[in-house]
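Subject: Handing over a structure

Hello,

Here is the structure I promised to pass on. Please open it next to this note, and the findings follow below.

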Amino acid sequence: PTAFNPMPKVESRIVRLLPHSSPPCPVSSYQDFSALVKQAFAQRRKTLRNNLKPLLDAERIAALGIDPGTRAETLGLADFARLTNAWTQIKD
C-alpha cells in the first residue's frame, strides 16, 4: 500500500491453488456434476427443492441426508457428489 498515493485502505493477498492428485469426492460423471451444480445455483435465493426439481425430487434429496429446504451455498463438495451420483443413477 505504501507504493500508492493515496494509500489504499485494503491489503492484497495472493492465493495459490493446487489441484488434488485424485478427486476427494468421486462422482460418476463430471459432466453431470457440472450440470447439477449449475442447476443448483441457477437461482441463488431458491432452495434445492426448487432448483433441482427438473433433476431430483425432494424425497430423493432427503433420502441422501440433505435437507431439500436448504440453499446450494450451504452444501459441501461431498453433498454435491452424492446428489450427482443419485441423479446419474436415475437418468441412465
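Helices here are DSSP runs of H or I with at least four residues, numbered from the N terminus. By that naming, Thr88 sits in helix α4, which covers residues 77-91. Please keep in mind that this is a predicted model.

**Thr88 and its contacts**

Is Thr88 buried or exposed? Its relative accessibility is 8%. Buried means under 20%, so Thr88 counts as buried. The Thr88 side chain also makes a polar contact with the side chain of Ser28, at 3.2 Å. Setting aside residues up to four places away in sequence, Thr88 touches Ser28, Ser29 and Asp32.

**How α1 and α4 pack**

Asp32 also appears in the next finding, on the α1 side of a helix pair. Two packed helices are described by the angle between their axes and the distance between the axes. For α1 and α4, the angle is about 110° and the axes are 9 Å apart. Angles of 65 to 115 degrees count as roughly perpendicular, and α1 and α4 are therefore roughly perpendicular to each other. Their crossing is right-handed.

Which residues make the contact? From α1 come Asp32, Phe33, Ala35, Leu36, Val37 and Ala40. From α4 come Leu77, Phe80, Ala81, Leu83, Thr84, Trp87, Thr88 and Lys91. By type, the residues of this contact divide into 10 nonpolar, two polar and two charged.

**Two loops that meet**

Now look at Thr47. It lies in the loop between α1 (30-40) and α2 (48-51). Its relative accessible area is 16%. The cut-off for buried is under 20%, so Thr47 is buried. Leaving out residues up to four places away in sequence, Thr47 touches Pro68, Gly69 and Thr70.

Pro68 belongs to the loop between α3 (58-63) and α4. Pro68 is buried too, with a relative accessible area of 9%. Which residues does Pro68 touch, not counting those up to four places away in sequence? They are Thr47, Leu48, Arg49, Ala58, Ile61 and Ala62. Gln31 is another matter. The C-alpha atoms of Pro68 and Gln31 are separated by 23 Å, and the two residues are 37 apart along the chain.

**The start of the chain**

Pro1 lies in the segment before α1. How exposed is Pro1, and what is its relative accessible area? The value is 48%. Partly exposed covers the range between under 20% and over 50%, so Pro1 is partly exposed. Leaving aside neighbours within four places in sequence, Pro1 is in contact with Met7 and Pro8. The C-alpha atoms of Pro1 and Gly76 are separated by 35 Å, with their positions 75 residues apart along the chain.

Pro6 also lies in the segment before α1. What kind of peptide bond joins Asn5 and Pro6? The bond is cis, with omega about 0°.

That is the handover.

Best regards

Technical notes. Residues numbered from 1 in each chain as written. Predicted model: local features only at pLDDT ≥ 70, side-chain atom pairs only at ≥ 80, totals over all residues. Heavy atoms only, no water. Helix = DSSP H or I, 4+ residues; strand = E, 2+ residues; numbered from the N terminus. Buried < 20%, exposed > 50% of the residue type's maximum accessible area, 1.4 Å probe, protein only. Contact = heavy atoms within 4.5 Å. Polar contact = N/O pair within 3.5 Å; in protein donor to acceptor, adjacent residues only side chain to side chain. Axes fitted to C-alpha atoms, helices over the stretch in contact; angles between N-to-C directions. Parallel < 35°, antiparallel > 145°, perpendicular 65-115°, else oblique. Left-handed = near helix turned anticlockwise from the far one by under 90°. Nonpolar A, V, L, I, M, F, W, Y, C, P; charged D, E, K, R; others polar.
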